[in-house]
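Please go through this structure with me slowly, asking at each step how a term is earned. What do the words rest on?

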Amino acid sequence: MTTTAESHSLLTTPEVGGLGHSRKRVEDARFVEGRGNYVDDIVLPGMLHMAIHRSPLAHARIVSIDTSEAEAVEGVIAVVTGELLAGYNLAWMPTMSGDTQAVLATDKVRFQGQEIAAVIATDRYVAQDAADKIIVEYEELEPIVTPQRSLEPDAPLIRDDKEGQTSNECYTWESGDKDATDAAFAKADKVVSLDTFYPRSHPAPLETCGIVADVNSATGQATLYMTSQAPHAHRTVFALVAGLPEQNIRIVSPDIGGGFGNKVPVYPGYVVATAASLVIGKPVKWVETRTENLISTGFGRDYHMHGELAVTNEGKILGLRVDMLSDQGAFFSDAQPTKFKAGLFHIVTGSYDYPVAHVTTRGAYTNKAPGGVAYRCSFRVTEASYMIERLVQNAAYELGIDPAEFRMKNFIEKDQFPYLSPTGFVYDSGDYEGAMKLALDMVGYDEIQKEKEQARAEGRLVGVGIASFTEVVGAGHGDDYDILGLRMFDSAELRVHPTGKAILKLGVRSQGQGHETTFAQIVAEELGIPASDIKVVEGDTDNTPYGLGTYASRSTPVAGAATAVIARKLRDKAKKIAAHLLEASEDDLEWEVGKFSVKGDPESSVTIQDIAFAAYTNVPESIEAGLEGVHYYDPPNMTYPFGTYVVVVDIDPGTGQWKVRRMVAVDDCGVRINPMIVEGQIHGGLTEGYAMSSMQHISFDEQGNCIGSNFLDYLIPTAWETPRFELGATVTPSPHHPIGAKGVGESATVGSPAAFVNAVIDALWPLGVRNIDMPVSADRVWAAMEEAKS
Ligand code: CDP
C-alpha cells in the first residue's frame, strides 16, 4: 500500500517545504503564546456591549413586552425589540436555505432560547442585568419537540408567519428511480431494514459566536468583526438584508476558535448589533455565552432514518430504499446548495456498486433551535454514511456472511471510476478494496475473529465494527451548487514581491485547520519559493478575493486548486521573464523547482527570486510589469475521499460499559499537502465520531426545554475518554484536482460513528441485539441486552 511519501515523490526540500512535507503549523506560534486575536479581543474606542433577552418557553404567543425597567438601569443606552427593528424592515431575515428567520420575535416565540429583545449598555454586565429585567407576557402554546408529532394533521402550526404555510412540513425531496427500485426489491431474496436515529448534536467550538459592529454614521462605512466561516457570503447577505451598500461593508474574521459549521449561518445577534451600531453611532460588541451558543445557534443532525437493502442470498446488493425525516427546528437554516438540497443524496448509496436506489427526505419544523449546519460534514453526508454503513453490516449478518467479505463483494471496483451513482452523481476516483485490506491487515482482523469466539466461550464480549465510507466534499461546480444563488467557486490571489517573497490571499477562512501553513506549501511546490517566505491572508473582505468560505471540507478541493492554478499562471509569466533575462527562447527553457535554465546548459539559469526582482525592474515592453494575479476556480466536480475504519471493543456484560481497544483508521484524501496536518484533522474527526457514538447529544423534554445547555449535560470527550487512534493511508489522487488533493477535514467525523456502533452491535448480535441508537451509552447497551434476553 502506498503512503504519501511513496506516491507523491517529494519535489521540494524540507527548506522549501512543498507538498508532502509535515511542516510545523506556523499559526501555532501566536496561539500557544496567547497572542491570537479573536473577536472578543477587539476593543474599539467608545464601544458598547449588547446582551440578549431570550425566551424561556419553546412555543408561545407574545402578548406584551415591557422594557421600562430595563431602560431605567443606569448605563443602558437602548433596548431593541422586534417592533423597533420592524420599523427598519429588519424584524425578519432570510436564512442560508431561503427560508425566513425572526431576528427578534414579534408575534410568537418558536424555540426555547429564541431572541426577543436586546439591551445595549456601557458594560457587558449592565447589559445582561438589564436584559433580565425585560418582562414578556406569553400565551403558552403546545410545544412540538418531535418531527413525527409535527407532521400530524392536528399539530399546531409553528410557522403561521409564512403565507400559504398550512402544515409543519418544511420540505420533501426525492432522488433516484422509484419504479426501478421497487422492481429490484421484488426480485430480492431478502430485504434487510434498519430504523435508526442520528441525534441532535452541537458543533460547540471552543470560541462561541460574536461580533463587534462598527458603523460610522459619518462615512457610512460598516466594519464588522465577526466569527464568520464565510465572510464574503456574509457581506453579501448583510448588503441584501440591511440595504447597506456592499462596498461600504467590510467583514473581518479574525482568528477563529473552531467553527465546525457553527459559524456558517447569520445569527440574529450579528444583525441586531449592526443595526444598533448604525442607529447609536458607536461600536457594539456582542459575544454569546456558552449556554446561548448551545441552545440557540446552529445544531447538527437530528435525523430519523429508515433504510432497506435488497440483497441476493449470495450477498449481492440489488438496490437501496431510504426514507429520512429531519427535525429542522423552528426556522430552516441549513447552509446548503439550493439544488440537491440534501447532500446525503450524493453518497447515501455508499461505496457499493448496485444499479438502483430511491431516497426520500422530509423536513419538519419543530419548536427547537434552527440549524442543520454542516457540522464537520457536507450537507447531511454524515447521516447518509451512518445509515448505509449500519445497514450493510446488518445485511451481512442476516445473510450469514462476514461484514468485511460482504463489503468486498459489493465495492465499486478501482477501474469503475469515474462512477455514476444510482442517484446520479459521479464519484471521481477510489480504491475501496485497497483501503479496506490495509485496515484489516493493520488491525489483524482474522485473529480478532478467532479471539471473539474464544471470548464468547469465556463469557466475555468482544466486537469488531467496520465502516467503509465514501465522502463527498469540495462544493461546487457552480452550475449545480450555490448558496442563495452565489456559485460555489473559490479564489486565490498571489503576489510575488520584488525580493521574491509572496503573499497569498484567499476567499476561504481557516478556523484552526492550518491554512496559513498548508496553502503556502502549494505555492512552494509550484514556484519553489520557500513556504516560510509566503504569507497567507484570509478573512478580510476588503483585502481578499471573493469566495464562498470554509466548511464541508471545501478549502483544499476549491481554494487549494485556485492556489495551484494561479501559481502556475505566474510561473508561465515567470518563464517569459526568464527567457528575456537569459536571452533565450521560451521553448529552450526548462523548469526545475525554483528556477528556469536553458536546456542542456544548466549553468545558464535564473531563480524565481531573480525573476521576481526582474518583474519589477527589468521587463521588456512586451511584458506587463509585476508578478501577481488572481484565479477563481469553479471545480468541475466534487472530490470523493474515502476510507475504512475498524474498531475493536470490549463490553462488560454486567454493566454494558464498552471500551475501545483498537481503532484503526485508513484514510484516502488523495495527495496529502501536509501529512501531519491531515493526521491532526483525522484525529479530531475520529474524536467527534467517537463522541457522537458514545455521549454527545442534545435532547429536549416534552416542554421543549433544552437538555444540554452546558458542558455538564452536553458531554464532550476529553483526552481522558478518547481512545488511541492508529492511522493508515492510501493515496488515490483526484483526477480533476490540479494537485490531486481531496478534502479531509470532515472525513473522520463522517466515517467513524458507524464503526464504533457497529463494533458494539457485532459483540451483541449473537445475543439477539439488533440495534441501539446513538449515543450508545452503557445503560442503553445494558437495556438492549436485557430486552434481548426476555
Ligand atoms: O475546508 P477545510 O479547511 O475545513 O478542510 P480541508 O480542505 O479538508 O483541509 C483541512 C486541512 O488539511 C487544511 O489545512 C488542508 O490544507 C489540509 N489538507 C492537506 O494537507 N492535504 C489534503 N489532501 C487535504 C487537506
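The questions and answers below set values beside the definitions they depend on.

Q: How do you know how far the model can be trusted, and where is the confidence low?
A: This is a predicted model, in which local features need pLDDT of at least 70 and side-chain atom pairs count only at pLDDT 80 or more, while totals for chains, interfaces and linings use all residues. Residues are numbered from 1 along each chain as its sequence is written, and side-chain values use heavy atoms, with hydrogens and water left out. Since pLDDT is the predictor's confidence in each residue, from 0 to 100, the chain is described by a mean of 95, with 99% of its residues reaching 70 or more. Over residues 1–6, however, the pLDDT is below 50, and this stretch has 14 contacts in the model beyond near neighbours in sequence, a contact being heavy atoms within 4.5 Å.

Q: Which residues surround the ligand, and what kinds of residue are they?
A: A residue is counted as near the ligand if one of its heavy atoms lies within 4 Å of it, and 23 residues surround the ligand, the closest being Gln513, His515, Ser555, Thr556 and Val744. This shell divides into 8 nonpolar, 12 polar and 3 charged residues, where Ala, Val, Leu, Ile, Met, Phe, Trp, Tyr, Cys and Pro count as nonpolar, Asp, Glu, Lys and Arg as charged, and the others, Gly among them, as polar. Helix 16 (515–527), helix 17 (555–582) and helix 19 (675–694) each supply at least two residues of the shell; helices (H or I, at least four residues) and strands (E, at least two) are DSSP runs, numbered from the N terminus.

Q: What makes the approach of Thr518 to the ligand a polar contact?
A: A polar contact is a pair of N or O atoms within 3.5 Å; within protein, one must be able to donate a hydrogen and the other to accept it, and residues adjacent in sequence count only if both atoms are side-chain atoms. An N or O atom in the side chain of Thr518 is 2.7 Å from an oxygen atom of the ligand, and therefore falls within that limit. A polar side-chain atom of Thr556 also lies 2.7 Å from a ligand oxygen, and a polar backbone atom of Asn674 is 3.0 Å from an oxygen atom of the ligand. The protein covers 98% of the 520 Å² of accessible area that the ligand has on its own, areas coming from the Shrake-Rupley method with a 1.4 Å probe and, for residues, with only the protein chains shown counting as cover.

Q: Why are strand 2 and strand 6 said to pair?
A: Two strands pair if DSSP finds at least two bridges between them, and 2 bridges join strand 2 (residues 60–66) to strand 6, so the antiparallel strands meet the definition. Within this pair, Arg61 stands opposite Lys108 in strand 6.

Q: Which strands are the edges of the open sheet?
A: The sheet holds 3 strands in the order 6-2-8, with antiparallel pairing. Its edge strands are strand 6 (108–109) and strand 8 (135–140), each of which pairs on one side only.
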